[in-house]
Structure formats: structure tokens, C-alpha cells
Amino acid sequence: GEQIELSAGDYFYINYFRGKEHLKTRETTKLLYVSTEPIFHHISEVIKDFMTMINHVEEKDYYTHSNGRRVKEYATKIASKMGIIGDRFERLMYAALFHDIGKIKLDDTIINGTEAPTNDEWSEIHKHPIYGREIIDRSLLRSIGEIVEQHHERLDGSGYPYGIKGDHILLEARIIAVID
């Protein structure tokens with residue numbers, strides 16, 4: 001039969017599978033995930049819903065137009081150069097894409113106001129990483145919630161929402177912060 005060789009992070013699907021398949025790994029495999037069609041569609045629907053939210057945020061805020069896609073593109077390039085692979089690479093990719101999803105909870109006047117934000121508005125803007133984690137944590141992508149929550153933290157502790165410093169900030173969040 002036909003042999004297909006996959007590398008870490010690759011995936012494949014079989015539609016209308018009716019026979020037997022034999023899977024053989026050449027090295028120790030951490031995770032081999034087999035999904036049914038309903039589960040595959042559920043995962044696809046969650047990602048589609050998040051994309052709808054991100055598109056809505058980016059439509060409201062010209063500053064962030066296509067920002068998630070650009071941050072994802074650069075994050076994946078940096079991760080590849082750093083040797084980040086597998087689950088960690090995938091989490092970074094999704095976190096980069098959805099890092100600003102919490103802005104969906106911000107009032108439109110804050111996002112696209114023509115004047116500089118007031119102190120109260122800045123306070124609300126600084127909550128969007130928390131809102132993002134709340135949204136993400138209610139989904140099957142909950143493993144990226146902490147990355148999303150930390151994407152505005154800074155090494156010197158001057159970031160938000162918590163003022164976390166140095167190595168207490170996840171590497172993935174640091175990568176997104178630099179790109180963003």
C-alpha cells in the first residue's frame with residue numbers, strides 16, 4: 001500500500017474511511033491524535049468562531065487590522081528558527097493569531113475613538129488580555145489562555161495586566177509581545 005511519511009506537527013485526514021490503516025513511528029511519539037469527523041468539525045467550528053471574533057475586532061480597530069495574522073506569521077518564523085516544535089509550536093501559532101480576542105469585550109468607542117483614551121478607558125484596554133483568557137479558557141484551546149493573558153507583559157515588569165517580570169512570563173508570550 002501507499003506509505004506517507006509525516007513529521008512532527010503534521011496531520012492528515014481520511015474521509016469515508018472504510019478499511020484498515022497501519023501507523024508506524026520511527027521515533028518515540030509523544031502524541032498521536034485520532035479524531036472522529038464530529039470532533040474534527042467541532043474543533044473547526046471553535047476556530048471559525050474565534051476567527052469571526054478577531055475579524056470583528058480588527059474591523060472596529062484600524063490599528064489592529066490583520067494584526068493577528070501578521071503576528072502569527074512572524075511568530076511561526078521565529079519559533080521555527082528557535083527550534084520550537086510540536087504542541088508548543090501549535091499553541092504559539094494559535095495564541096499569536098488570537099492574542100487580541102479579548103478586545104471583543106471592549107466598547108467600540110474605546111477601540112475606534114478619535115481622541116486619546118481617558119485613564120478609565122486605558123484601564124479597560126489593559127483588561128483585554130484577561131478577557132481574552134476568559135474567552136479562550138471556555139474552549140478546547142484553553143492551553144493557550146495563559147499565553148494570551150501575558151502578551152502585554154514586559155521583562156522589566158512594566159507591562160500589563162499583572163506586571164509580571166522576566167522568566168515568569170511564558171516564552172510564547174514574550175515572542176508575541178516583541179512582534180506585536
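**Helical packing, nonpolar cores and charge pairing**

His128 is located in helix H6. In this predicted model, His128 has a relative accessibility of 1% and therefore counts as buried, the limit for that class being under 20%. Its side chain forms two polar contacts described here. One, of 3.0 Å, is made with the side chain of Asp100; another, of 3.4 Å, joins His128 to the side chain of His151. When residues up to four places away in sequence are set aside, His128 touches His99, Asp100, Gly102, Lys103, Leu106, His151, His152 and Tyr160. Asp100 and Lys103, both among these neighbours, also pair with each other in a salt bridge, with 3.7 Å between the closest N and O atoms. Both members of that pair are buried. Elsewhere, Arg133, Asp137 and Glu149 are joined into one network by salt bridges that share partners.

The overall fold provides the setting for these contacts. The protein chain contains eight helices and zero strands, which gives the pattern α-α-α-α-α-α-α-α along the sequence. Of the 180 residues in the protein chain, 33% are buried. Among contacts with a separation of 6 or more, 59% are between residues 24 or more positions apart. The protein chain exposes about 12500 Å², and 52% of this area is supplied by carbon and sulfur atoms.

The nonpolar interior was examined next. In soluble globular proteins, nonpolar side chains tend to be buried together. In the present model, the largest nonpolar core comprises 27 residues, and the residues with the most contacts inside it are Phe50, Phe98, Ile136, Leu141, Ile144 and Ile176. At least two residues of this core are supplied by each of H1, H2, H3, helix H6 (128-137), helix H7 (145-150) and H8. The largest share, six residues, comes from H3. Leu141 touches Ile47, Phe50, Tyr94, Phe98 and Ile136, residues up to four places away in sequence not being counted. Apart from the largest core lies another core, of five residues, including Leu106, Ile110, Ile111 and Tyr131. Leu106 is also one of the residues touched by His128.

Helix H8 also contributes to the packing. Glu172, Ala173, Ile175, Ile176 and Ala177 are buried in H8, and the buried residues of this helix pack against H2, H3 and H7. Ile176 is also listed with the residues that have the most contacts inside the largest core.

Charge pairing was considered across the whole model. Side chains of opposite charge can pair when their charged atoms come close. With a limit of 4 Å between side-chain nitrogen and carboxyl oxygen, the count comes to 10 salt bridges. One of them joins the side chains of Glu58 and Arg69, at 3.3 Å from N to O. Glu58 lies in helix H1 (residues 37-60) and Arg69 in helix H2 (residues 67-82), so this pair ties together parts that are 11 residues apart in sequence. The two partners differ in burial class: Glu58 counts as buried because its relative accessibility is 7%, whereas Arg69, at 36%, counts as partly exposed.

A further salt bridge is formed by Arg88 and Glu172, whose closest N and O atoms are 2.6 Å apart. This pair links distant parts of the chain, with Arg88 in helix H3 (residues 86-98) and Glu172 in helix H8 (residues 171-179), 84 residues apart. Arg88 has a relative accessible area of 34% and is therefore partly exposed. Glu172, by contrast, has a relative accessible area of 6% and is buried. Helix H3, in which Arg88 lies, is also the helix that gives the largest share of the 27-residue core.

Nonpolar side chains also appear at the surface. Tyr74, Ile78 and Met82 make a nonpolar surface patch of about 280 Å². Met82 is in helix H2 and has a relative accessible area of 46%, so this residue is classed as partly exposed. Helix H2 thus carries a residue of this patch, while H2 also supplies at least two residues of the largest core.

Note on methods. Residues are numbered from 1 along each chain as its sequence is written. This is a predicted model: local features need pLDDT of at least 70, side-chain atom pairs count only at pLDDT 80 or more; totals for chains, interfaces and linings use all residues. Side-chain values use heavy atoms; hydrogens and water are left out. Helices (H or I, at least four residues) and strands (E, at least two) are DSSP runs, numbered from the N terminus. Buried means under 20% relative accessible area, exposed over 50%, partly exposed in between (1.4 Å probe, protein chains only). A nonpolar core is a set of buried Ala, Val, Leu, Ile, Met, Phe, Trp, Tyr and Cys residues joined through side-chain atoms within 4.5 Å. Contact means heavy atoms within 4.5 Å. Patches are made of residues with over 30% relative accessible area and no salt bridge: like charges are joined within 9 Å, nonpolar side chains (Val, Leu, Ile, Met, Phe, Trp, Tyr) within 5 Å. Accessible areas come from the Shrake-Rupley method with a 1.4 Å probe; for residues, only the protein chains shown count as cover. A polar contact is a pair of N or O atoms within 3.5 Å; within protein, one must be able to donate a hydrogen and the other to accept it, and residues adjacent in sequence count only if both atoms are side-chain atoms.
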